[in-house]
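Biologist: Please show me the model, and then I will put some questions about it.

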Amino acid sequence: MEKKIGIPLEGFDAAVRRAACEGMVLLKNEGEMLPVTEKDCIAVFGRCQIDYYRSGTGSGGAVNVAYTTNLIDGFREHKNIRMNEELLQVYQAWIGEHPFDNGGGVWAGEPWFQQEMPVTDELVKGARFTSNKAIVVIGRTAGEDQDNAAVGGSYLLTEDEKNLLEVVTKYFEETAVVLNVSNIIDMSWMKTVTLPERIKAVLYTWQGGIASGTASADVLCGAVTPSGKLPDTIAKSISDYPSSENFGDKKANIYAEDIYVGYRYFETFAPDAVLYPFGFGLSYTTFSLEATDMKITGQNAEASVGITVTVKNSGKYYAGKEVVQVYVEAPQGKLGKPARVLAGFAKTGLLKPGESEKAEIRISAASLASYDDSGITGHKSCYVLEEGSYCFYVGTDARSAAALPEKLTIETDLVTEELEQALAPTEVYTRIRPGKRDEKGIYQLEREAVPTQDISLKDRITQRLPKALNITGDKGIRLSDVKEQRNSPEEFVAQFSEQELAAIVRGEGMCNPMVTPGTASAFGGTASDLYHYGIPALCCSDGPSGIRMDSGLKATQMPIGTLLAAAWDPKMTEELYVWEGLELQRNEIDTLLGPGMNIHRNPLNGRNFEYFSEDPLLTGVQAAAAVRGIAKNGSQATIKHFACNNQEVERSNADSIVSERAVREIYLKGFEIAVKAGAKSVMTSYNPLNGHWAASNYDLCTTILREEWGFDGIVMTDWWAKMNDPVTAGAADMKNTAAMVRAQNDLYMVVTNGGSQENAYEDNTLEALTTGNLTVGELQRCAVNICRFACQSLAAQRPWKPLQELMSEKDSFVFDPIKFDFTQAESFAVHLEHDGRYKFIIKVSSRLSTQAQSASNLMLNDKAVATIQTNGTDGKWVIVKLENIDLAAGDYQLRLESVKAGIEIAWISITR
């Protein structure tokens, strides 16, 4: 069967287009300005109509696509839509003189916005003469290593953009604003513009991947009726978000808002600060909702609530979909609760005018419990259903949802889950909680001390050390024997020496030649000693928006996570990720490094576009759908970043200081849902969490993930992560893999290619075995996790050849190394006398930050044979090795082709 690596999957782009339409959110549509029709002639303003964003920046958006679409491309597909061609030509000419600024192509270099074309009264007045409606397009990006900021061009509009709105609304009575953005932005301009009543429509199109432009046009032209709902609350000002006070610090961020994130805060303490509530979104049609039935079955903690809602399309012209949302108001009790918490939701199918559908939503009583981290209920370290009445609200957003007459009554406090303290902070601080409630239903904001850690991590880890397996040496057991259940994973791993155990916890990358070109990492059988046991080299690839291959190979880019969450349609998400799983299978990739699922704690987080929502239930349900979808074709999702990675500024150093209750109820809940839906791979985050770096956090990786949730997959670090002592905390170091292994974070990502067997980063794993800071049993435990995952991988299904067969006669020739100095020339002639496997040794440097990535393709006769990649080296020169590159005898021209700026290459040596 012919391989189609690097060829986008046929039909996937159409699925992306459908999904992108589903998540677009219509915030305003006065006078039914939208959709535009054949009766209209539209004047489109804003350079992003042409330079239309398809994703954010960094690893979450770096997909090489076969094509992309902008808004004009989309309008062209709708033959009945007339555009102001004269105005378009003005923009095209101006953009020709002011091309897209990609920041030089370096990591995190692309600016948040693109310079806007200044408009004059004369230009706009002339456009109004031939056009009856205006569409203003505003674009934004952000991403990895690049948070947003409350400044013009990022969270706020630029002066040019404000002027654009002023001039356009001066002459156009009907103006629509399209927000082609990676995250919510400040919306105060809707009221501060001189003629706000002329802004008739506002549509968040987000960033829809490869179909970003065409999908946006589908919605604007009415081919698809918008049905998206906000996954985040839009407040009047960035200062209204409770996390803003403690966001962006380079050393530590105290999560003083605790569980009151997003709408949980606003609906409890500050409803007047909301511009658009969580869950809000309009349609081109109207719907009526009627809660026709509510049944409570079972008793006490085993009870469940079933709510049936009849949804009817009450409009006259457009078919559409509606999202039924159910919120709960729990009794305040001793713990204190938000005034509203999303408890369940359902999206209808496409309803024609007059059609109805029943939405059925089931909610378990146990899911309404709160975590007691202080013992105030008498049940410390337990989820507790406090006594009282639980009220349910049904509607289409958090604010307008109406109370149902029936309530769930809990007669006495009930423990739904008995756990143990884990991840509690050691630092003393205070958090907010509700006080008295006024006549308007608004709670006073009070503060209370946060419970701190009172267990011994040392005792916990020591008492739970795994028993070491007797090292047997090679007994002839191969991974295939474990796969076919002839031997257990433990019998297999018992063969490994200490050196082999240390090697298997090292992943190699990026752009390892053993796996699909240009991908993030190879792990498993990367060392020859491990390959000998039949362990294949497994491949993982970024990222949440689709397959990233820095070699230049093409893939399909999906919509950003925020857009998918805004669709409120897990069935659609699962179907989309089935397509993604097929493309992973085609490209021989075992796990996708996504979805990202950190909580939108603050709108300024640059990586919010990779993530879903401010709400953990919506986040978890969407991530679970992605996990199921990918797994249907043999690959796996790697859910990330575990946990509390909620800013990009100093993301490897800034401590997230969070209460145990907030960690469990908000920041881990989505991960828990995804794990219990079958996730088999988790990536830890860069940051410390309550003093312990996530990559070596025992309670995170073992106590909660494995012991409480029953996770049986692999855990990997983020790339070039740091670790500190799982007990005493303290300073962190990239070489402290012993701490990583003790925490049961199985894989260090990544050492240089070829560096797993030789310990290229000089980690302390073997040293820790001799000093007693690590046991063989702990290393074997990680090895078992990795090998169990490998057994279930796509790589294990492909033919495996013994090393003897791979090292054929053609590899036995004599070859004197050749060295090429790239400081003296840009290309070189190369003559190879023999077919065979060659090694390329490259001296590289990068002045970028540690996690920044840059790459160049190694070209032979204008064909990329390997990708040279490095992270930031602080300007130091390092050696990169690319091994096992098959080349035929012949004459070649050797040169480099830049993929991602920032890498410097001094010389390249070719050896056998």
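Biologist: Which residue in β11 does leucine 289 stand opposite?

Modeller: This is a predicted model. Strand β10 (residues 287-297) and β11 run antiparallel and are joined by 10 bridges. In β11, the residue opposite leucine 289 is valine 311.

Biologist: What is the phi of glycine 298 in the turn between β10 and β11?

Modeller: β10 and β11 make a hairpin, with 6 residues between them. Glycine 298 is in that turn, and its phi is positive, at about 75 degrees.

Biologist: Is asparagine 300 buried, partly exposed or exposed?

Modeller: Asparagine 300 is in the loop between β10 and β11. Although not a glycine, asparagine 300 has a positive phi of about 55 degrees. Most residues other than glycine have a negative phi. Buried ends at 20% and exposed begins over 50%; the relative accessible area of asparagine 300 is 47%, so this residue is partly exposed.

Biologist: Where is glutamate 650, which also has a positive phi although it is not a glycine, and what is its relative accessible area?

Modeller: The phi of glutamate 650 is about 50 degrees. Glutamate 650 is in the loop between β26 (636-642) and β27 (655-657). The residue is partly exposed, because its relative accessible area is 34%.

Biologist: Which residue in β14 stands opposite threonine 310?

Modeller: β11 pairs with strand β14 (residues 356-364) in the antiparallel sense, over 9 bridges. Strand β11 (residues 304-313) is mostly covered, with 9 of its 10 residues buried. Opposite threonine 310, in β14, is lysine 358.

Biologist: In what order do the 4 strands of the open sheet that includes β35 come?

Modeller: The pairing in this sheet is antiparallel. β35 (818-821) and β40 (878-887) each pair on one side only, as edge strands. From one strand to the next the twist averages 25 degrees. The order is β35-β42-β37-β40.

Biologist: Which residue in β40 is the bridge partner of tyrosine 838?

Modeller: Strand β37 (residues 836-846) pairs with β40 over 8 bridges, in the antiparallel sense. The bridge partner of tyrosine 838 in β40 is isoleucine 885.

Biologist: How many aromatic pairs does a search of the whole structure find, and what is the angle between the planes of phenylalanine 492 and tyrosine 533?

Modeller: The search finds 25 aromatic pairs. Phenylalanine 492 and tyrosine 533 form an edge-to-face pair, 6.1 Å centre to centre. Phenylalanine 492 belongs to helix α11 (residues 489-493), whereas tyrosine 533 lies in the loop between α13 (528-531) and β24 (537-542), 41 residues apart. Both phenylalanine 492 and tyrosine 533 are buried, and the angle between their planes is 85 degrees.

Biologist: Why is the pair of phenylalanine 820 and phenylalanine 828 called tilted?

Modeller: Phenylalanine 820 is buried at a relative accessible area of 6%, and phenylalanine 828 is buried at 15%. Their ring centres are 5.2 Å apart. Stacked needs planes under 30 degrees apart and edge-to-face needs over 60; this pair is tilted because its planes are at 45 degrees.

Biologist: Which ring does the charged end of arginine 340 sit over, and which ring face does arginine 601 lie over?

Modeller: For arginine 340 the distance to the ring centre is 3.6 Å, and the ring is that of tyrosine 393. For arginine 601 the distance is 3.7 Å, and the face is that of tyrosine 255.

Biologist: Is asparagine 84 buried or exposed?

Modeller: Asparagine 84 is in the loop between β3 (82-83) and α3 (85-97). Its side chain reaches the backbone nitrogen of glutamate 86 at 3.3 Å, and its contacts further away in sequence include Cys41, Ala127 and Ser131. Relative accessibility is 8%, so asparagine 84 counts as buried.

Biologist: What do the buried residues of α1 pack against?

Modeller: In helix α1 (residues 12-22) the buried residues include Phe12, Ala15, Val16 and Ala19. The buried residues of α1 pack against α7 (212-220), β13 (341-347), α14 (561-567) and α15 (570-586).

Biologist: What is omega for the cis peptide bond that joins aspartate 542 and glycine 543?

Modeller: Most peptide bonds are trans. Glycine 543 lies in the loop between β24 and α14. Omega for the bond from aspartate 542 to glycine 543 is about -5 degrees.

How values were computed: Residues are numbered from 1 along each chain as its sequence is written. This is a predicted model: local features need pLDDT of at least 70, side-chain atom pairs count only at pLDDT 80 or more; totals for chains, interfaces and linings use all residues. Side-chain values use heavy atoms; hydrogens and water are left out. Two strands pair if DSSP finds at least two bridges between them. Helices (H or I, at least four residues) and strands (E, at least two) are DSSP runs, numbered from the N terminus. Axes are lines fitted to C-alpha atoms, for helices over the stretch in contact, and angles run from 0 to 180 degrees between N-to-C directions. Buried means under 20% relative accessible area, exposed over 50%, partly exposed in between (1.4 Å probe, protein chains only). A polar contact is a pair of N or O atoms within 3.5 Å; within protein, one must be able to donate a hydrogen and the other to accept it, and residues adjacent in sequence count only if both atoms are side-chain atoms. Contact means heavy atoms within 4.5 Å. Rings of Phe, Tyr and Trp (its six-membered ring) pair if their centres lie within 6.5 Å; planes under 30 degrees apart count as stacked, over 60 as edge-to-face and the rest as tilted. A charge sits over a ring if NZ of Lys or CZ of Arg is within 6 Å of the ring centre and within 35 degrees of the ring normal. Lists of a residue's contacts leave out its neighbours within four places in sequence.
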